[in-house]
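Biologist: Kindly show me the model, so that we may go through it by question and answer.

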Amino acid sequence: MADPMISQPTQSQLNIAASTTPRHQHHLHIENLTPSPSSSKQINRLINSNHYISPSRPIYSDRFIPCRSSSNFALFNISLPSSATAEISPGGGGKEDSPGAYAALLRNALFGPQTPDKKDWGAGAAGRNIFRYKMETRQSLHSLSPFVFDDMGDPGVSNVAIKTPRKVSRSPYKVLDAPALQDDFYLNLVDWSSHNVLAVGLGTCVYLWNACSSKVTKLCDLGNDDGVCSVGWAHRGMHLAIGTSNGKVQCFWFLSSSKDRFGMLPAVKRIRTMEGHRLRVGALAWNSSMLSSGSRDKSILQRDIRAHEDFVSKLSGHKSEVCGLKWSYDNRELASGGNDNRLFVWNQHSTHPVLKYCDHTAAVKAIAWSPHLHGLLASGGGTADRCIRFWNTTTNSHLSCMDTGSQVCNLVWSKNVNELVSTHGYSQNQIILWRYPTMSKLATLTGHTYRVLYLAMSPDGQTIVTGAGDETLRFWSVFPSPKSQNTDSEIGASSLGRTTIR
């Protein structure tokens with residue numbers, strides 16, 4: 001009779017026990033139902049196979065656990081447990097290279113200085129859902145800007161824009177041979193029209209180069225007894241003025257501003273020749289239908305090409321040759337520079353200068369008005385001066401001065417960004433791209449072997465052309481486009497290499 005304290009084994013237990021007994025054993029003993037230590041481990045592994053972890057296998061998880069130290073919990077108005085806050089509290093024991101200091105700098109750069117520190121988070125929001133909708137946040141509007149605004153003056157964060165520097169090619173993408181291009185500091189022989197046509201004075205002739213088709217057209221020949229001293233396009237690109245060595249100004253009218261699909265120039269007509277100067281005309285500047293001309297006879301004549309008279313007014317003030325003329329973008333002020341080291345500013349109705357600047361110590365040919373700030377005027381001096389000076393004509397004040405180390409021949413502002421280009425003569429013959437107002441150098445371009453006396457900018461504001469006494473014109477891509485700073489200029493892109501302009 002079986003012992004009542006011992007339960008009858010189940011079928012599975014019998015099979016397991018039977019599998020561990022030899023085949024010749026025919027009797028089932030009670031002690032065989034008690035598992036050995038080794039078999040007990042095997043049974044536990046089989047029963048708890050879902051929870052057993054092998055020591056030789058790597059453990060993978062299907063959960064993503066975010067890092068609390070890099071999360072901006074203040075944005076959702078929640079707080080961390082005190083233990084977690086203590087672990088990631090900034091400072092790291094006073095070490096500047098601790099993870100806490102790095103986290104503070106990263107939080108300030110990403111979310112702005114108005115983001116509360118972790119130690120300032122309130123405990124009243126504990127238990128709230130991290131994805132709980134919140135009507136307002138504590139972030140200022142400056143947090144959406146790429147600039148870092150810090151009114152508290154945090155010494156650990158710099159108040160500068162996070163911006164990748166723009167790459168400027170150090171080589172010209174096109175070179176034109178310009179035979180007989182004069183090496184004369186006081187002349188202005190290159191200008192670029194709004195219809196993408198470059199006018200160049202070579203000896204006694206004026207040539208037009210179409211930047212779209214690279215076609216060259218000879219506009220006129222003044223003859224052996226005269227010479228080209230200056231060229232200047234009107235703003236709309238339909239009129240071209242030419243100053244001559246005999247003191248005359250010739251005006252050409254392009255009958256149509258449109259060009260055919262082959263890039264040919266429209267019909268052109270010489271509408272008049274205006275007199276008034278006794279000596280050569282080295283500077284020209286347009287103001288709508290008004291044309292200003294500066295001469296070696298020290299005078300500036302205001303001409304209206306619609307009027308019958310050769311000039312409507314005469315501006316007197318310079319004591320030597322007038323070599324620089326520029327109208328402001330609003331056409332209200334005219335700046336003039338001369339070989340008397342003077343920079344004058346005139347208004348539309350004055351016959352005497354309303355502002356006089358006498359800080360330069362050499363001839364002032366380089367003049368440029370800023371298209372970004374009203375009344376901001378830049379001027380450059382010759383070999384004995386070598387400085388670029390900035391003036392506020394609205395307040396009649398001298399803003400700053402930069403010594404370039406070389407003769408300043410030309411200046412031009414970018415239309416798209418707050419930068420400007422200067423070309424130089426003695427002694428380095430370089431082209432410098434500046435960022436205003438810091439006047440930090442963005443690029444220095446070299447290649448001309450003579451003074452870089454001539455400068456003009458393309459109508460899209462991305463390309464400049466420079467001319468020198470080495471009888472070459474070089475085209476440089478220096479400024480970004482209005483939409484993208486990485487877009488290359490389309491001007492001349494299809495005609496790389498070196499050609500001649502005549």
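Modeller: A term is needed at the outset: Ala, Val, Leu, Ile, Met, Phe, Trp, Tyr, Cys and Pro count as nonpolar, Asp, Glu, Lys and Arg as charged, and the others, Gly among them, as polar. The model is predicted, with local features requiring pLDDT of at least 70 and side-chain atom pairs pLDDT 80 or more, while totals for chains, interfaces and linings use all residues. Residues are numbered from 1 along each chain as its sequence is written, and side-chain values use heavy atoms, with hydrogens and water left out.

Biologist: How many nonpolar residues does the lining of the largest pocket have?

Modeller: A pocket is an open set of points on a 1 Å grid over the protein atoms alone, where a 1.4 Å probe fits, with protein on both sides within 12 Å along at least five of seven lines; lining residues have an atom within 4 Å of a point. The largest pocket holds about 1,100 Å³ of space. Among its 42 lining residues, D191, W192, H235, K326 and V412 are the closest to the centre. Beside ten polar and four charged residues, the nonpolar ones in this lining number 28.

Biologist: Which elements give two or more residues to the lining of the largest pocket?

Modeller: Strands are DSSP runs of E with at least two residues, numbered from the N terminus. The elements that meet this condition are β2 (190-192), β6 (228-233), β10 (281-287), β14 (322-327), β18 (364-369), β22 (408-413) and β26 (452-457).

Biologist: W192 belongs to both the pocket lining and an aromatic pair; how many residues apart in sequence are the parts that this pair ties together?

Modeller: Rings of Phe, Tyr and Trp (its six-membered ring) pair if their centres lie within 6.5 Å, and planes under 30 degrees apart count as stacked, over 60 as edge-to-face and the rest as tilted. W192 and F475 are edge-to-face, at 5.8 Å centre to centre and 85° between the planes. Because W192 lies in β2 and F475 in β28 (residues 472-477), the separation of the parts tied together is 283 residues.

Biologist: Is W192 buried or exposed?

Modeller: Buried means under 20% relative accessible area, exposed over 50%, and partly exposed in between, with a 1.4 Å probe and protein chains only. W192 forms one aromatic cluster with Y173, W209 and F475. Like F475, W192 is buried.

Biologist: Which term describes the pair of W233 and F254?

Modeller: The ring centres are 5.1 Å apart and the planes of W233 and F254 stand at 35°, so the pair is tilted. This pair links W233 in β6 to F254 in β8 (residues 249-254), parts of the chain 21 residues apart. Both W233 and F254 are buried, and the term asked for is tilted.

Biologist: Why is β8 described as largely enclosed by the rest of the structure?

Modeller: Two strands pair if DSSP finds at least two bridges between them. β8 pairs antiparallel with β7 (residues 239-244) over five bridges and with β9 (residues 268-274) over six. L240 stands opposite F252, and W253 opposite K269. β8 is described as largely enclosed because, of its six residues, the number buried is five.

Biologist: Which residue in the turn of the β7 and β8 hairpin has a positive phi?

Modeller: Four residues lie between the two strands of this hairpin. With a phi of about 85°, the residue is G247.

Biologist: How many of the residues of β12 are buried?

Modeller: β12 (residues 300-304) is covered on both faces, with I300, Q302 and D304 on one side and L301 and R303 on the other. β12 pairs antiparallel with β11 (residues 290-295) over five bridges and with β13 (residues 313-315) over three. Q302 stands opposite S292 in β11 and opposite S313 in β13. Of the five residues of β12, the number buried is five.

Biologist: Which strands stand at the edges of the sheet that holds β12?

Modeller: The order of this open sheet of four strands is β10-β11-β12-β13, with antiparallel pairing. Each edge strand has a single partner, so one side of each is left without a neighbour in the sheet. These edge strands are β10 and β13.

Biologist: What does the twist average from one strand to the next in that sheet?

Modeller: Axes are lines fitted to C-alpha atoms, and angles run from 0 to 180 degrees between N-to-C directions. For the sheet β10-β11-β12-β13, the average twist is 25°.

Methods. Grid points are joined across faces, edges and corners, and a volume is the space filled by probe spheres set on the points.
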